[in-house]
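Reader: Could you take me on a close look at the enclosed spaces in this model, and then at a few residues and strands elsewhere? I would enjoy one connected account.

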Amino acid sequence: MNKIHEHSKIDNKYIILFNIIALIPLLLYGFYKNIYIVYKRGLISSTVVTKSIFCLIIVITVPIVIDIIYSKIKKEKIINYINNSYSLVYSLIYYLIMPPRFNFIIFFIGLLLTQIISKIQIKFNINFICLIKLLIIILLSKNAIYPNIYESTKDIYYNLFDSFFGRTIGSFGTTNIFLILLSYAFLSLTNHYKKEIPLIATISFFVFGISYYIITKDSGFKIFNDFITTNFIFCVVFISTISFYSPYTNLGKYIYSILLGALSFIALKFISIYEGVLIVILILSIIVKPIDDAVLKITNRQRSKN
Amino acid sequence: MGQIKITDNNKYLISPTLEEYLNPEYIYIPTYQNNQISLKKNEIIKKEQIIEGNNNNILYFSSISGNIVGFETNYIKIANNYKEEIGIKKTPLKDMSSLKPNDLINMLFKLGVKNENNELLGEIFKEHKNPKYIVIKCFDDDPYTENAKFIIKNHIEDLLFTLDELIKILEVSEAIILLKSKDSDIITKYNSILGTYPKIKTKLIPNLYPLNDELIKENIFRIKEHKDANSLILSIESILSIFTSIKKQKPITDKYVTIIGNALEENKVVKVKLYTKVSEIISNCVKLKEKDVIYSINGTINGKEVKNIDEVIIDFNIKNIIIRKKERIENRKCINCGLCYKICPGHTNPKSINTQKCINCGICSYVCPVNIKLPLKGGKL
C-alpha cells in the first residue's frame with residue numbers, strides 16, 4: 001500500500017519501544033535480586049551467573065531470529081518486520097513471570113512455543129503467554145521453585161514495606177511493586193495503553209476482597225498482603241493490557257476489568273498466588289471478543305434509537 | 001476524545017511569500033450532461049462571462065478572456081489571450097449595509113458564489129436566517145494547509161469591512177473571529193486593527209483536528225444555550241468571496257491553493273485562476289525533487305488519491321494539492337488497540353463503519369499505529 005496520508009508519529013514501533021522500556025527496570029531488578037545479591041552472598045557460583053546471562057541473551061535473540069525467519073517467509077524487509085513485531089515484548093514478559101529457578105530446557109521450549117504461537121495465532125483470541133506459562137508450571141510440577149536460593153536457605157520475614165520494594169518471594173521480575181507502578185505511570189503517558197484496565201481491576205480487587213473478608217468474617221484480614229505479595233499488579237499492568245487480548249470498547253474494558261479484579265482475588269485465594277491471575281487472564285482472553293461485539297451491538301442499537 | 005492536537009506544525013514549512021499563477025494557458029469550464037451549450041468553437045470569451053449553468057442554477061464564469069478551442073468530455077476548453085478583457089464592467093456597491101438579508105441571498109445565488117466545500121453560499125445563508133452569532137474560521141480544515149493565513153495577510157481590511165457589513169445586514173449581536181493559537185503573527189495583526197469594530201471579537205482555539213461546525217461550537221461556547229443558538233459559521237475564504245461578489249459585484253475567478261508534500265523542493269501557497277488544470281500549475285509553480293510521486297488532493301490526513309493529475313481542474317473545492325514521494329507502507333493486522341474507536345468524532349466504529357455517522361475526517365487512519373486504511377466501509381477486520 002502506498003502512503004497517501006499523514007500518520008501519527010506514535011506508530012507500532014513507538015508502542016513496542018514504550019513497552020520494552022517499561023519492562024527493563026523490572027528485568028534489572030530481577031537480576032539484582034535473584035542473581036547479583038545471591039552471588040554476592042556466595043550462594044551461587046560464577047557459572048550460574050554466566051548461565052543466567054546466557055539465558056537473557058537467549059530471551060533477546062530467539063524472538064529476533066524467529067522474526068528474521070518469519071520475515072523471509074512473508075517476503076518482507078527484515079528491519080520493517082522487527083520494528084513491528086511484539087515478539088521481544090512477549091519474550092521479556094515470559095521471562096519475567098518465570099520462577100527464579102527453572103529447568104532451562106523446558107524454559108527454552110516454552111520460549112520457542114511462545115514465539116511460534118504468537119506468529120501463527122490468527123483467529124483464536126487466547127492469551128498464549130499465560131497458556132504457555134501455565135503449561136510449563138504443570139510440566140515442571142513441583143520443580144517450579146519460586147523462592148530464590150537465598151530465600152529458600154533462610155526463614156525470612158518480609159513486611160509490606162519490604163514487599164512493596166520487591167523483597168518478597170515471587171516470579172523472576174514481578175515482585176517490585178514500586179517499579180511496576182512507575183512503569184504503569186510511564187505507559188499511561190501514551191494513548192495506546194489501556195490504562196483503565198489495571199485501575200478498575202485494582203478497585204474491583206479491593207471491593208471484592210474487602211467484601212469477602214467482611215462476609216466470611218475471616219480473622220486474617222490480609223487484603224494488602226494479597227495485593228502486594230502476589231503477581232497481581234504485574235499481570236494486570238502488563239499482561240491483561242496486551243491489546244490483542246483485551247477489549248477496546250469503553251464498556252467492554254469496564255466489564256473485563258471488574259471481572260479481572262474480582263476473579264483474580266478468588267483465584268489468588270483458592271488456586272495459587274503465583275498462577276491464579278494468569279488463569280483468570282487466560283479465561284477472560286477467550287471472552288474478550290464476544291464482550292466487545294455485545295457492547296458494540298448495544299451501543300449501535302441505542303444510537304439508532306436516539 | 002474526538003479530536004487530536006497537532007503538535008508537528010512545522011512538518012511542512014511553507015514559503016512566506018505568496019506565489020501567483022494568474023495567466024494559465026487554458027482553462028477548463030465544467031459542463032453538465034444533457035445541457036445544451038449555446039457557445040461555439042473559436043467564439044471569443046470575455047473574463048467574468050457566464051459560460052455554463054445547470055438546472056440548479058449553478059453558474060460558471062470564465063476566469064480569463066480568450067476563445068473556445070474545444071469541447072472535451074465534461075469541459076469547455078478556453079485558450080487564454082492574456083488580455084483580461086472584461087465584458088460588462090460593474091461598479092462596486094456603494095452601501096452594502098443597506099441590503100436586506102433576502103437581497104444578499106439573491107445576489108449570492110445570482111453570482112453562483114460557493115464556499116470551499118462547493119456549497120452555494122446563498123443556500124447556507126438561507127438555512128441560517130436570523131443568526132445570533134457569526135463565527136469566522138480563520139484557519140483551514142487541514143492542519144498543514146495555510147490558504148487562510150495568506151488570505152488574512154493580503155485582505156485583512158476587506159475581511160473586517162465585510163464582516164462588519166454582514167453584522168448590520170443580518171442584525172447579529174456578535175461576530176467571533178476564530179484563530180488558532182499557533183498563528184501568533186495573525187493574532188497580532190488582528191489585534192492592531194480590531195479596535196474600530198466593536199462587535200467583532202477574537203477567540204483562540206488550540207491546533208485541533210478535526211474542527212467541523214459542531215466541534216467548533218463545542219470548543220468556543222461553554223453554555224448549552226449558546227451552543228444550541230443559530231450560529232452562522234463561515235470560512236475566511238467565504239467572507240472574501242462575499243466581499244468580491246457583493247461589494248465589488250464581480251464573480252469569483254481566483255483561488256488560493258496550498259501545494260505541499262515531501263516530494264517538493266519548497267511548499268507554497270499559490271493564487272490561481274479557477275478552472276486551471278492542476279498539472280499546469282504544478283509544472284509552472286513548483287519543483288519536484290523526486291521522480292516517483294503520488295498526488296492527492298484536499299487533505300493531508302483525509303485527502304483523495306489522484307491517479308491521473310491531468311484530469312484535476314481547480315474548482316471552489318480544491319484546497320490543497322499534496323505531492324508525496326512514493327513510499328510503501330506495510331498494512332498490518334489490527335492490534336486491537338481501540339485508538340480509532342476512542343478518537344472517532346462521529347462516535348462510530350471505524351472497523352465496521354456506520355457510513356451515516358462518519359464525517360470523513362480520516363483521524364482514525366491517522367492514529368492507527370499499524371497503518372490500516374480506515375474507515376473500513378461495510379466490512380469488518
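Author: Happy to; what follows begins with the cavities and then moves to single residues, a sheet and the cysteines.

Please keep in mind that this is a predicted model. Searching the whole structure turns up eight cavities of 30 Å³ or more. The largest cavity has a volume of about 220 Å³. Its lining is made by 18 residues, and those nearest the centre are A:Asn19, A:Tyr86, A:Thr241, A:Ile242 and A:Ser243. Three elements of chain A each give two or more residues to this lining: helix 1 (12–40), helix 4 (87–96) and helix 12 (232–239). For your purposes the chemical make-up may be of interest: the lining of the largest cavity has 14 nonpolar residues, four polar ones and no charged ones.

Now for the second largest cavity, which holds about 120 Å³ of space. It is lined by 14 residues, with B:Glu116, B:Phe139, B:Asp140, B:Ser235 and B:Glu237 closest to its centre. In chain B, helix 3 (147–170) and helix 7 (236–247) each supply at least two residues of that lining. Helix 3 of chain B gives the most, with three residues. By class, the lining of the second largest cavity divides into four nonpolar, three polar and seven charged residues. Set side by side, the largest cavity has no charged residue in its lining, whereas the second largest cavity has seven.

Back in chain A, two residues make a good pair to look at together. A:Phe164 belongs to helix 8 (residues 160–164) of chain A, while A:Thr174 sits in the loop between helix 8 and helix 9 (177–188) of that chain. How buried or exposed is each of them? A:Phe164 counts as partly exposed, at 24% relative accessibility. A:Thr174, in turn, is buried, because its relative accessible area is 2%, and the cut-off for buried is under 20%.

Their contacts are worth following on your screen. Setting aside neighbours within four places in sequence, A:Phe164 is in contact with A:Asn176, A:Ile177, A:Phe178, A:Leu181 and A:Ile228. With residues up to four places away in sequence likewise not counted, A:Thr174 touches A:Leu96, A:Ile97, A:Ile180, A:Asn231 and A:Phe234. A:Ile180, one of the residues touched by A:Thr174, lies 16 residues along the chain from A:Phe164, and the C-alpha atoms of A:Phe164 and A:Ile180 are separated by 9.9 Å.

Chain B also offers a sheet to examine. This is an open sheet of four strands in the order 3-8-7-4, with antiparallel pairing. Strand 3 (26–30) and strand 4 (44–45) of chain B are the edge strands, each pairing on one side only. Within the sheet, strand 7 (residues 66–72) and strand 8 (residues 75–80) run antiparallel and are joined by six bridges. If you want a place to zoom in, B:Phe71 stands opposite B:Ile76 in strand 8.

Finally, the cysteines. Over all chains, the structure holds zero disulfides. A:Cys55 is in none, and its nearest cysteine sulfur, that of A:Cys235, is 19 Å away. A:Cys55 is buried, with a relative accessible area of 5%. B:Cys337 is in no disulfide either, and the nearest cysteine sulfur, that of B:Cys340, is 6.3 Å away. That pair does not count as a disulfide because the two sulfur atoms would have to be within 2.5 Å. B:Cys337 also counts as buried, at 12% relative accessibility.

Terms used. Residues numbered from 1 in each chain as written. Chains lettered and ligands numbered in written order. Predicted model: local features only at pLDDT ≥ 70, side-chain atom pairs only at ≥ 80, totals over all residues. Heavy atoms only, no water. Buried < 20%, exposed > 50% of the residue type's maximum accessible area, 1.4 Å probe, protein only. Pairing = 2+ DSSP bridges. Contact = heavy atoms within 4.5 Å. 1 Å grid on protein atoms, 1.4 Å probe; cavity = no way out; pocket = protein on both sides within 12 Å on 5 of 7 lines; lining within 4 Å. Points joined across faces, edges and corners; volume = space filled by probe spheres on them. Nonpolar A, V, L, I, M, F, W, Y, C, P; charged D, E, K, R; others polar.
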